[in-house]
Every structure is written in structure tokens, then in C-alpha cells.
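The exercises below ask you to work through a structure step by step, with a solution after each task. Keep the sequence and the coordinates at hand while you read.

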Amino acid sequence: MSQRTFSIIKPDAVRKGHTGGILAEIEKAGFKIAAIKRQSISKDQAKGFYHVHSARPFFDGLTTFMSSGPIVLLVLEKENAIADLRKLMGATNPANAEEGTIRKKFASSIEENAIHGSDAEDTAAFEIGYWFAGYELL
Ligand code: ATP
Ligand code: MG
């Protein structure tokens, strides 16, 4: 059965002109782009999005980084979308990312790691609803 996941092309990748390259990898891997928009987000919006990490030492840096420039918000659809996108992204730290993954190709550090992807069904549902209105998901 087809599944939806949520993804962000992070500010580092947008800044470096990797938006098209990352979208190409995503489509090549069989994902359908169900919704897409480019926008800049506030630090408060980033904090709400990453609330599960609010107690972590990197929270302030992470939310400052995510609000440092335009990002691309995506809803992606395919069978097994959530797990397959995580696989395509590669490890959080690009130093540990496998060959052929998006983070191996486009990320420069554990913080500036090019892409976000939901890690489970419940977080995908929260994240899609956080950034997209129902009418944008028809
Ligand atoms: P994302 O949620 O962005 O898809 P992830 O699921 O691979 O990434 P998480 O553990 O959810 O990793 O961490 C969220 C983000 O916080 C990471 O993508 C990274 O940018 C940042 N981060 C995680 N761990 C660290 C760390 N030790 N130092 C600095 N930043 C970190
Ligand atoms: Mg995560």
C-alpha cells in the first residue's frame, strides 16, 4: 500500500544549489512528489517542528540553522516511503553515510546534513500536518 512521508531539503543544500539534484535522487528512487513548497521558516517554527529534541544540547544550533535560509518542504509518496526515504538519506552524520545516499553526496556535517525525513508513521503524520494544509494535499 502506498505510504506518505515528509521531507525537508535543508538550508545548506538549498544554499549550495542542490535542490534539483536532491529532487532528482528522490524521483529516481521511485517517490512521487505529492506536495512541494519553498519557504523560509522562523526559529519558533523550527522549534515546534523539532520539539522532540528540545532537551538536546544541539537544539539551539539546530533550530538556528533550520531558520537560516530557505528550505524545501516535501510530501513524498510510494510504497514503504518512510523506511525507504531514511535509507536513501543515509546516516545522520555524513561521515557514516553509505555510498549512493543523499547525505553522502550532498551533506557536509552532522548539522548541515542536507535532508530531513520522518522516522515513523506517527511522526510523518505530525510533520505533514505541521507544514501543509489539507487543501495542499489533494
Ligand atoms: P532529521 O530528523 O533531520 O531527519 P535524523 O533523524 O537523521 O535527522 P535526529 O537524531 O532526528 O537525526 O536529529 C535531528 C537533526 O539534529 C539531525 O539531522 C542533525 O542535523 C541534528 N543533530 C543530531 N545529532 C546532532 C549532534 N550530535 N550534533 C549536532 N547536531 C545534531
Ligand atoms: Mg529525526
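**Exercise 1.** Locate Y130 in the secondary structure, decide whether Y130 is buried, partly exposed or exposed, and list its contacts beyond the local sequence.

*Solution.* The model is a predicted one, and its helix α7, which covers residues 121-131, is the element that holds Y130. The next step is the accessibility: buried would require a value under 20% and exposed a value over 50%, so Y130, with a relative accessibility of 30%, counts as partly exposed. Once residues up to four places away in sequence have been set aside, Y130 touches D44, Q45, G48 and F49. For one of these partners, F49, the C-alpha atom is separated from that of Y130 by 7.3 Å, although the two positions lie 81 residues apart in chain numbering. For another, Q45, the backbone oxygen lies 2.7 Å from a polar atom of the Y130 side chain, a distance that falls within the 3.5 Å limit for a polar contact.

**Exercise 2.** Carry out the analysis for N113: where does N113 lie, is N113 buried or exposed, and which residues surround N113?

*Solution.* N113 is found in the loop that runs between α6 (102-106) and β4. Its relative accessibility is 2%, and N113 therefore counts as buried. Apart from neighbours within four places in sequence, N113 is in contact with K10, D12, T92, P94, R103 and A107. A polar atom of its side chain also lies 3.2 Å from the backbone oxygen of I110.

**Exercise 3.** Establish the strand order of the sheet, name its edge strands, and describe how a helix packs on the sheet.

*Solution.* The sheet is open and has 4 strands, in the order β2-β3-β1-β4, with antiparallel pairing. Its edge strands, each of which pairs on one side only, are β2 (32-39) and β4 (115-117). If direction is ignored, neighbouring strands of the sheet are turned against each other by 20 degrees on average. Helix α2 (residues 19-28) packs on the sheet and touches β1, β2, β3 and β4, while the direction of α2 makes about 10 degrees with that of β3. To examine one pairing in detail, take β1 (residues 2-9) and β3 (residues 71-79), which run antiparallel and are joined by 8 bridges; in this pairing Q3 stands opposite K78 of β3.

**Exercise 4.** Determine which residues of helix α5 are buried, and what the buried residues pack against.

*Solution.* Within α5 (residues 81-89), the buried residues are A81, I82, D84, L85, L88 and M89. A general point helps in reading such a list: an α-helix has 3.6 residues a turn, so residues three or four places apart point the same way. The buried residues of α5 pack against β1, α2, β3, α6, β4 and α7. Just after the helix, G90 takes a positive phi of about 90 degrees.

**Exercise 5.** Place these elements in the whole chain, and compare its radius of gyration with that of a compact globule.

*Solution.* The protein has 7 helices and 4 strands, which follow the pattern β-α-α-β-α-α-β-α-α-β-α along the sequence. A compact globule of 138 residues would have a radius of gyration near 14 Å, and the 14 Å of the protein agrees with this. The C-alpha trace spans about 40 × 35 × 25 Å along its principal axes, and 45% of the 138 residues count as buried. Of the contacts with a separation of 6 or more, 77% come from residues 24 or more positions apart.

How values were computed
Residues are numbered from 1 along each chain as its sequence is written. Chains are lettered from A and ligands numbered from 1 in the order in which they are written. This is a predicted model: local features need pLDDT of at least 70, side-chain atom pairs count only at pLDDT 80 or more; totals for chains, interfaces and linings use all residues. Side-chain values use heavy atoms; hydrogens and water are left out. Two strands pair if DSSP finds at least two bridges between them. Helices (H or I, at least four residues) and strands (E, at least two) are DSSP runs, numbered from the N terminus. Axes are lines fitted to C-alpha atoms, for helices over the stretch in contact, and angles run from 0 to 180 degrees between N-to-C directions. Contact means heavy atoms within 4.5 Å. The radius of gyration is taken over C-alpha atoms; the globule rule is 2.2 Å times the number of residues to the power 0.38. Buried means under 20% relative accessible area, exposed over 50%, partly exposed in between (1.4 Å probe, protein chains only). A polar contact is a pair of N or O atoms within 3.5 Å; within protein, one must be able to donate a hydrogen and the other to accept it, and residues adjacent in sequence count only if both atoms are side-chain atoms.
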